[in-house]
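Welcome to a short set of exercises with worked solutions. Keep the viewer open, try each task yourself, and then compare your steps with ours.

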Amino acid sequence: MIYFTPGPSQLFHTVPAHITQALRENIPSLSHRSKKYQLEIFEKTVAGLRTLMDIPSSHQILFVASGTEAMERVIENTVLKHSFHFVNGAFSKRFYTTSLELKKKAEKCEVAFGKGFLFKDAAIPKKSELVCFTQNETSTGISLPLQEIYAIKKKNPDKLIALDIVSSAPYVEVDFRSIDIAFFSVQKGFGLPAGLGVMVVGPQALEKAKNLLKKDLSIGSYHSFLSLAEFAAKNQTPETPNVLGQYLLGKVVGDMRRIGITKIRKQTDQKATLLYDFFDSHNTLSPFVSEKRFRSHTVLTIVTPDGSDGIVERLKEKGFVVDRGYGNLKETQIRIANFPAHNASDVQSLLSHLKY
Ligand SMILES: *Cc1c(COP(=O)(O)O)cnc(C)c1O
């Protein structure tokens with residue numbers, strides 16, 4: 001079976017061998033306070049990520065359990081009262097709802113599913129402390145142009161900018177100096193088992209967390225930016241973390257560095273072109289996102305006028321797993337992931353079963 005699901009997804013091809021090696025080395029029994037853990041797992045994985053994704057030394061790399069946890073940590077650590085959210089699907093809505101559930105005054109600019117934003121028309125309230133973007137909205141297949149997000153930061157230097165890049169990392173090329181926070185989990189573009197999230201946190205965001213703490217406000221307990229950063233300085237985490245997940249991430253990051261991130265990005269673009277060209281000229285199936293500049297290269301949403309179930313079942317019989325649409329779009333769309341783990345010949349085979 002080849003999993004074209006947007007997460008969990010197909011494992012990166014080297015992962016099975018790394019799991020075998022991890023068992024040989026007894027990684028799951030290794031103490032998270034040992035020197036071997038600190039130097040060969042934590043430090044190596046962080047350094048690898050820094051190089052692969054070009055994360056500057058000004059920005060902390062902090063481990064959490066998931067993308068959803070990162071949303072909560074970001075709100076807790078950077079918002080006294082007011083957050084602002086660009087909402088165009090289920091994950092951006094989750095980010096917004098998280099802020100409300102933490103009793104903040106969250107506001108949003110919302111557009112219909114399948115649409116992008118005209119940022120220049122979006123009025124971000126003066127009092128917003130944090131502006132949240134779901135850079136790649138996995139529920140709708142919308143990708144937001146980064147240059148426009150950097151421009152918003154430039155215009156609002158006092159506001160913190162947070163980017164959810166869960167389903168676009170490591171393909172997406174973020175200029176981390178132009179934003180404050182980004183986060184992702186590893187079961188999507190990195191092709192790893194679920195259970196590990198990563199936050200990239202810049203100095204202005206860290207400063208904000210310190211200020212909130214000084215005001216005697218809660219920034220969370222074991223996973224605040226500050227507790228995570230304090231332990232990261234010792235190549236550790238506050239709790240017993242997903243050591244195996246961190247080990248595997250370090251290994252896959254190493255493999256991706258050997259292949260070259262530029263090559264991986266180029267291959268992703270080529271496969272995306274192959275996919276979109278196919279569906280743009282198909283008799284019945286068509287891309288949900290009509291505006292090309294908002295089309296995600298890593299998660300495609302495809303409208304299925306004759307229903308999604310038949311297609312999903314038919315592909316399964318051929319050895320390919322795709323997802324149905326998200327939420328309300330379950331019956332009328334399919335979603336296809338285009339991650340580094342998916343090679344061009346698998347994409348071609350998948351499409352060969354959709355020619356009708
Ligand atoms: C999957 C996903 C999440 C949630 O990540 P988890 O690791 O499952 O908690 C958040 N945002 C986006 C855009 C996602 O695709």
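## Exercise 1: the ligand shell

The shell around the ligand is made up of three nonpolar, nine polar and two charged residues. Here Ala, Val, Leu, Ile, Met, Phe, Trp, Tyr, Cys and Pro count as nonpolar, Asp, Glu, Lys and Arg as charged, and the others, Gly among them, as polar. Before we go on, note that this is a predicted model in which local features need pLDDT of at least 70 and side-chain atom pairs pLDDT 80 or more, while totals for chains, interfaces and linings use all residues. Residues are numbered from 1 along each chain as its sequence is written, and side-chain values use heavy atoms, with hydrogens and water left out.

**Task.** Find which residues come nearest to the ligand, and which N or O atoms lie close to its own oxygen and nitrogen atoms.

**Solution.**

1. Start with the neighbours, meaning residues with a heavy atom within 4 Å of the molecule. There are 14 around the ligand, and T68, T138, D164, S185 and K188 come nearest.
2. Next, look for polar contacts (pairs of N or O atoms within 3.5 Å; within protein, one must be able to donate a hydrogen and the other to accept it, and residues adjacent in sequence count only if both atoms are side-chain atoms). The side chain of T68 places an N or O atom 2.5 Å from an oxygen atom of the ligand. G67 uses a backbone N or O atom, 2.9 Å from a ligand oxygen. For D164, a side-chain N or O atom is 2.6 Å from a nitrogen atom of the ligand.
3. Then check the cover: the ligand taken alone exposes 380 Å², of which the protein buries 88%. Accessible areas come from the Shrake-Rupley method with a 1.4 Å probe; for residues, only the protein chains shown count as cover.
4. Finally, ask which element contributes most. Helix α3 (residues 67-78) gives the largest share of the shell, three residues. Helices (H or I, at least four residues) and strands (E, at least two) are DSSP runs, numbered from the N terminus.

## Exercise 2: S167 and N136

**Task.** Decide whether S167 and N136 are buried or exposed, and work out what links them.

**Solution.**

1. Locate both residues. S167 sits in the loop between β8 (160-164) and β9 (181-185), and N136 belongs to strand β6 (residues 136-137).
2. Apply the cut-offs: buried means under 20% relative accessible area, exposed over 50%, partly exposed in between (1.4 Å probe, protein chains only). S167 has 1% relative accessibility, so it counts as buried. N136 is at 2% and therefore also counts as buried.
3. Trace the link. The side chains of S167 and N136 form a polar contact of 2.9 Å, and the side chain of N136 makes another with that of T298, at 3.3 Å.
4. List the wider contacts (heavy atoms within 4.5 Å). Beyond four places in sequence, the partners of S167 include T138, K188 and F339, while those of N136 include I142, D164 and S296.

## Exercise 3: backbone details

**Task.** Which peptide bonds leading to P8 and P170 are cis, and what is phi of D216?

**Solution.**

1. The G7 to P8 bond is cis, with omega near -5 degrees. The bond from A169 to P170 is cis too, with omega near 0 degrees, and P170 lies in the loop between β8 and β9.
2. D216, a residue other than glycine, has a positive phi near 70 degrees. Its relative accessibility is 71%, so D216 counts as exposed.
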